[in-house]
Amino acid sequence: MIFVPMWDGSLGCASFLLGDEAQGQAMVVDPLGNLGADSYILGAAELGLEITAIVETHVHADHHSAARELSQKTGVPVSLSHRAPVAYDFNPLRQNDTIDLGHVKAVVWETPGHTPDSISLVVTDATRASEPWLILSGDSLFVGDVGRPDLADPTPEMVKAAALDQFHSIRDKILTLPDTCELYPAHYGASACGGLFLSSKPVSTIGYERRWNRFVQFTEPDEFVEQVLMLLKPPPESAAAIRAENLGVAAPV
Amino acid sequence: MASMTAQDFMNQVQQGSVILLDVNPPHAYSKAHPAGSYNFPFHRRQWGQEVKRALNGQNPPIGIFAENSVIAQSAKDSLEEAGITVPFVFDQGVKGWEQAGLPVARVHDLTVDELLQNLDNYIVVDVRESYELRSGIIPGAISIPMGQLQARMSELDKAKPHAIVCASGSRSASVAAWLSQQGFNVANVVGGMSLWIGARHPVQRT
């Protein structure tokens, strides 16, 4: 497997270029406007890879996505959750859909919570093992924290429902992965999408978070929701406008 | 030189006065490429200088074939920086090439499992360097390092199918495409020896 995280430390955003060296096929996940679409195209060329899939783990509200520009330049459609309310044509993904790059495969897990359209990608490399080697968890489970539930719809009932979704996505899905599975969330450090406990370290393992992530320790949904809501930071100022742009609609007035 | 159509440029390729470089990764090139093109995968570091060195003192006009405009433009800039004339750029990929009615060549891909099942039908050519052969070779394979191939063409047989293998399948993709242009019946072994050994298929120690 070729696996290249591409970070933007200024916003605490992570994007990924991963592929199968034998088949020469690659997938770009959450391409960042700050890095620019060209950096993914040139990065893939550098590694002898052809971009065959572009995936967004959800519609982002904290940074400009380069997914559509990358799609226009490569002719590869953008893949998003079937629940993504975007205004442009995309390839809809559902639970257990597989993005096949050859020996490297990414299985889609629907992990709503941060937004209803949040997905995670569980990645295996058949030349090593059939066991998942890493998960791109988007804005569900973070290193030390969890994705905030209030950026897609800030009305109090919806935020509460989203936090409850997050509890189940993390507990019933993500934590079923083996301890050795690596965790690569979409954010770290200064990101507006996390809270007080978001680590500046961008990578962890399921085992480490199972043991040490404070939100994972809550076994009762109510307790989890209460803690998440209590620790919310104020939303980033431009969230609504950025989200509108990433949705492909006009910015709200 | 003014920009020209793909057809005009290909006429000049056939006359041997210009060269068409497919700058896509080896796997993509092996899957499909303009007939008569050579593969020189683009990368960012001093790529144009490498092309210049490979031209060995000659300086023919070079055409660029790429899958998208970003790579095409970067490759053009890099060649021009190295003092090479680029009168033709095609950035619509194989799809566009076929739509323009121009000929495409393809190299057959072979998985390591397919090769094992049909091992008797192929002359296996291992194009790795000699120092890479310690891991073993496919039983019956002949070793011809990539750089010696042109000098040792007589060891190949145009009447028989060849399976070209290297460590990971990249070099072999380029070699297979080139041999195919020379009129040989060749297939590229996808993933090369890393997958052959990884699948625990038999190897012969050299």
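## Strands S7 to S9 of chain A

In this predicted model, strand S7 (residues 98-100) of chain A pairs with strand S8 (residues 104-110) of chain A in the antiparallel sense, and three bridges connect the two. Within this pairing, A:Thr98 faces A:Val107 of S8(A). The two strands make up a hairpin in which three residues separate S7(A) from S8(A). The turn of this hairpin contains A:Gly102, whose phi is positive, at about 120°.

S8(A) also pairs with strand S9 (residues 119-125) of chain A; these strands run antiparallel and are joined by seven bridges. A:Glu110 has A:Ile119 of S9(A) as its bridge partner. Of the seven residues of S8(A), five are buried, so the strand is largely enclosed by the rest of the structure.

## Positive phi outside glycine

A:Asp30 is a residue other than glycine with a positive phi, near 55°. Its place is the loop that links strand S3 (25-29) of chain A to H1 of chain A. The surroundings of A:Asp30 hold 24 other C-beta atoms within 10 Å. Because a residue counts as buried from 20 such atoms upward, A:Asp30 is classed as buried.

In chain B, B:Gln46 likewise is not a glycine and has a positive phi near 55°. This residue lies in the loop between strand S3 (38-39) and helix H3 (47-55) of chain B. B:Gln46 has 13 other C-beta atoms within 10 Å. The limit for an exposed residue is 12 or fewer, so B:Gln46 is partly exposed.

## Contact between chains A and B

The contact between the two chains involves 15 residues of chain A and 20 residues of chain B. On the side of chain A that touches chain B, the elements giving two or more residues are helix H1 (37-46) and helix H2 (67-74) of chain A. H1(A) gives the most to this side, with five residues. By class, the side of chain A that touches chain B consists of five nonpolar, five polar and five charged residues.

## Domains of chain B

Chain B is divided into two parts: domain 1 covers residues 6-105, and domain 2 covers residues 108-198. The C-alpha centres of these domains of chain B are 25 Å apart. Seven residues of domain 1 of chain B are in contact with eight residues of domain 2 of chain B.

On the domain 1 side of this contact in chain B, helix H2 (residues 26-31) of chain B gives the most, with four residues. The residues on that side of domain 1 of chain B comprise three nonpolar and four polar, with no charged residue.

## Helix H7 of chain B

Helix H7 of chain B runs over residues 170-181 and has 12 residues. At 1.5 Å a residue, H7(B) should span 16 Å. The end C-alpha atoms of H7(B) are 17 Å apart, which agrees with that expectation.

H7(B) is largely enclosed by the rest of the structure, because 10 of its 12 residues are buried. The buried residues of H7(B) include B:Ser170, B:Arg171, B:Ser172, B:Ala173 and B:Ser174. Also buried in this helix are B:Val175, B:Ala176, B:Ala177, B:Leu179 and B:Ser180. Just after H7(B), B:Gly183 adopts a positive phi of about 95°.

Technical notes: Residues numbered from 1 in each chain as written. Chains lettered and ligands numbered in written order. Predicted model: local features only at pLDDT ≥ 70, side-chain atom pairs only at ≥ 80, totals over all residues. Domains from an automatic or database assignment. Nonpolar A, V, L, I, M, F, W, Y, C, P; charged D, E, K, R; others polar. Expected span 1.5 Å × (residues − 1). Pairing = 2+ DSSP bridges.
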